[in-house]
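Hello,

Here is the structure I promised to pass on. Have a look, and my notes follow below.

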Amino acid sequence: MNILKPVLLLWASLLTAIPAHCWGFWAHKTINYYAVFGLPPALVAFYKPQIRYISEHAVDPDMRRYLVASEGAHHYIDIDRYGAPPYDSLPRRWDSALARYGNDTLQAYGIVPWWVPRVQARLTEAFREGDKARILKWSAELGHYIADAHVPLHATRNHNGQLSGQEGIHGLWESRLPELLAADWSLLTGHASYIASPTAFIWDRVVESGRAADTVLRLEAALGKEFKGQKWSWSERKGKLVRQYSEPYARAYHQRLNGMVERRLRQSIHAVASFWYTAWVDAGQPDLGKLQDKPLSPEDEKEFERMQQAWRTGVMKGRAED
Ligand SMILES: [Zn+2]
């Protein structure tokens, strides 16, 4: 084994690591799936038969990033570029932020806290119009952006530890760790609540994420020094040797974080259910019973197909690892 090790390392360094996505595809699908169980009966009756769609399409916004360069900015905000917590110099209102920084800067640093209320408005409108396809589409996508806003590494310019020699931490936090440990977590998070101000709510979560980013990075740097040789494990995927964080390392990191990933996953689930519920209430609590049997539009099916094709090419447009 000792003789083989340098050879393995050399070989592996030539191979690509497992790509990371926002929260990981598994976590995004799980968040949307469990959010359905937090809804009141009138909404569960509509969402539950569509739970597969809601869960599968949770990752559409990530797939769109392989198709549309401007999509990336919807998933994050480098909030530390605007100063220190609570980032008071950054206007929460879009038009004020636009006037102060200009569109190019805002787009470059990411716009997730402004994007969530916009998608929320689209969902509310879809409920008002009784448009089943749009309700499902915007529910699934809104779930994605809300979940991203809960990830600390989506709220810092050092989003993949690339500024501190911690490349890969993004995938460790939001993919490796939940995929390894979530079987032991309780993901039923109780009843959805009405959100009086979606804008204030999502900004609070983003500011929390921004505050937590430092902890996420600092604790991993310290742990890496302690683990040294046991930090990585190797496995074969499709004939290629792939490096990933070892299980003991991921477990130790989870403990150091005092369960932060589990907490943020649960908060995401509850927030997604609450945003869906709020959109329905704001639309006047329409009766969704008559929408049950409407088929989805062929255009939506086509858009999904195009996104999947682009995603399969494996070339993300814009910034990766967010
Ligand atoms: Zn994302």
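The structure holds one cavity of 30 Å³ or more, with a volume of about 40 Å³. (A cavity here is a set of points on a 1 Å grid over the protein atoms alone where a 1.4 Å probe fits but cannot get out, with lining residues having an atom within 4 Å of a point; points are joined across faces, edges and corners, and the volume is the space filled by probe spheres set on them.) Its lining consists of Y53, H57, D60, K137, D300, E303 and F304. Helix α14 (residues 298-313) supplies the largest share, three residues.

A word on provenance: this is a predicted model, with local features needing pLDDT of at least 70, side-chain atom pairs counted only at pLDDT 80 or more, and totals for chains, interfaces and linings using all residues. Residues are numbered from 1 along each chain as its sequence is written, and side-chain values use heavy atoms, leaving out hydrogens and water.

The largest nonpolar core (buried Ala, Val, Leu, Ile, Met, Phe, Trp, Tyr and Cys residues joined through side-chain atoms within 4.5 Å; buried means under 20% relative accessible area with a 1.4 Å probe, protein chains only) has 80 residues, of which Y47, F127, W173, Y253 and W276 touch the most other members. Helix α13 (residues 260-282) gives the most to this core, 11 residues. A second, separate core of five residues includes F25, V59, M63 and M307.

Finally, N158 sits in the loop between α9 (132-149) and α10 (169-181). N158 counts as buried because its relative accessibility is 9%. The N158 side chain reaches the backbone nitrogen of L163 at 2.8 Å.

Best wishes

Key:
On a 1 Å grid over the protein atoms alone, a cavity is a set of points where a 1.4 Å probe fits but cannot get out, and a pocket is an open set with protein on both sides within 12 Å along at least five of seven lines; lining residues have an atom within 4 Å of a point. Helices (H or I, at least four residues) and strands (E, at least two) are DSSP runs, numbered from the N terminus. Buried means under 20% relative accessible area, exposed over 50%, partly exposed in between (1.4 Å probe, protein chains only). A polar contact is a pair of N or O atoms within 3.5 Å; within protein, one must be able to donate a hydrogen and the other to accept it, and residues adjacent in sequence count only if both atoms are side-chain atoms.
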